[in-house]
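Please walk me through this protein chain. I am new to the structure and would like a short report with a small table.

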Amino acid sequence: QVQLVESGGGLVQAGGSLRLACTASGRTFSTHAMGWFRQAPGKEREFVATISSNGENTRYADSVKGRFTISRDNAKNTVYLQMSSLKPEATAVYYCNADRTTWGGSSWYMTPARFGPWGQGTQVTVFS
């Protein structure tokens, strides 16, 4: 199974930027959609963004649209999340995940059975 390692989190002032990275093991990275998710203290994990296997299609949660950008480099088995104009409510542990299937579609994250194993996450803290 694919293993995921997130990095790039940290402490940032409101209005600042961070770029998260998620590196996956396995030779089939380029055939799976990827997504970023986050879990704030006391809240359920929520969807942030997803990108198709070839990088051509993306989808974002309304709360981050226009400020966050998801991208991927299949040669490096890595997916990124560029976060700009950060707000304190973005404080959370950020996780990436890979669609277990190769069926495609930008709504894969709505089906729990399509989630693969979770990584350890990376903490993002935004202070005002």
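## Overall shape

A compact globule of 128 residues would have a radius of gyration near 14 Å, and the protein chain has 14 Å, so the two agree. That radius is taken over C-alpha atoms, and the globule rule is 2.2 Å times the number of residues to the power 0.38. The model is predicted: local features need pLDDT of at least 70, side-chain atom pairs count only at pLDDT 80 or more, and totals for chains, interfaces and linings use all residues. Residues are numbered from 1 along each chain as its sequence is written, and side-chain values use heavy atoms, with hydrogens and water left out.

Along the principal axes, the C-alpha atoms fill a box of roughly 40 × 25 × 25 Å. The protein chain has zero helices and 10 strands. Read from the N terminus, the elements run β-β-β-β-β-β-β-β-β-β. Helices (H or I, at least four residues) and strands (E, at least two) are DSSP runs, numbered from the N terminus.

## Inside and surface

Of the 128 residues, 45% are buried. Buried means under 20% relative accessible area, exposed means over 50%, and partly exposed lies in between (1.4 Å probe, protein chains only). The accessible surface of the protein chain is about 6700 Å². Carbon and sulfur atoms hold 48% of that surface. The areas come from the Shrake-Rupley method with a 1.4 Å probe; for residues, only the protein chains shown count as cover.

How much of the contact set joins residues 24 or more positions apart? Among contacts with a separation of 6 or more, the share is 58%. A contact means heavy atoms within 4.5 Å.

## Charges and salt bridges

The protein chain carries 13 positive and 8 negative side chains. The centres of the two sets lie 2 Å apart. Lys and Arg count as positive and Asp and Glu as negative; His and the chain ends are not counted. Each charge is placed at NZ of Lys, CZ of Arg, CG of Asp or CD of Glu.

There are three salt bridges. A salt bridge is a side-chain nitrogen of Lys or Arg within 4 Å of a carboxyl oxygen of Asp or Glu.

| Positive residue | Negative residue | Closest N to O distance |
|---|---|---|
| Arg 38 | Glu 46 | 2.7 Å |
| Lys 65 | Asp 62 | 3.0 Å |
| Arg 114 | Asp 99 | 2.6 Å |

Is each partner buried or exposed? Start with Arg 38, which is buried because its relative accessible area is 8%. Its partner Glu 46 counts as partly exposed, at 37% relative accessibility. Asp 62 is exposed, with a relative accessible area of 65%.

Now take the pair in the last row, where the side chains of Arg 114 and Asp 99 meet at 2.6 Å. The pair links distant parts of the chain, 15 residues apart, with both residues in the loop between β9 (92–98) and β10 (122–127). Arg 114 and Asp 99 are both buried.

## Around Arg 114 and Ala 98

Arg 114 counts as buried because its relative accessibility is 11%. Leaving aside neighbours within four places in sequence, Arg 114 is in contact with Ala 98, Asp 99, Arg 100, Thr 101, Trp 103, Gly 104 and Trp 108.

Ala 98 belongs to strand β9. Ala 98 is buried, with a relative accessible area of 6%. Not counting residues up to four places away in sequence, Ala 98 touches Val 2, Leu 4, Ala 33, Met 34, Trp 108, Arg 114, Phe 115 and Gly 116. Ala 98 and Glu 6 are 92 residues apart in sequence, yet 12 Å apart in space, C-alpha to C-alpha.

## Notable loop residues

Which phi value does Asn 77 have? Its phi is positive, about 55 degrees, although Asn 77 is not a glycine. Asn 77 sits in the loop between β7 (68–73) and β8 (78–83). At a relative accessible area of 18%, Asn 77 is buried.

Ser 85 is a residue other than glycine with a positive phi, near 50 degrees. Ser 85 lies in the loop between β8 and β9. Ser 85 counts as partly exposed, at 42% relative accessibility.

Gly 66 is in the loop between β6 (58–60) and β7. Gly 66 is exposed, with a relative accessible area of 79%. Gly 66 and Met 83 are 17 residues apart along the chain, and their C-alpha atoms are separated by 9.7 Å.
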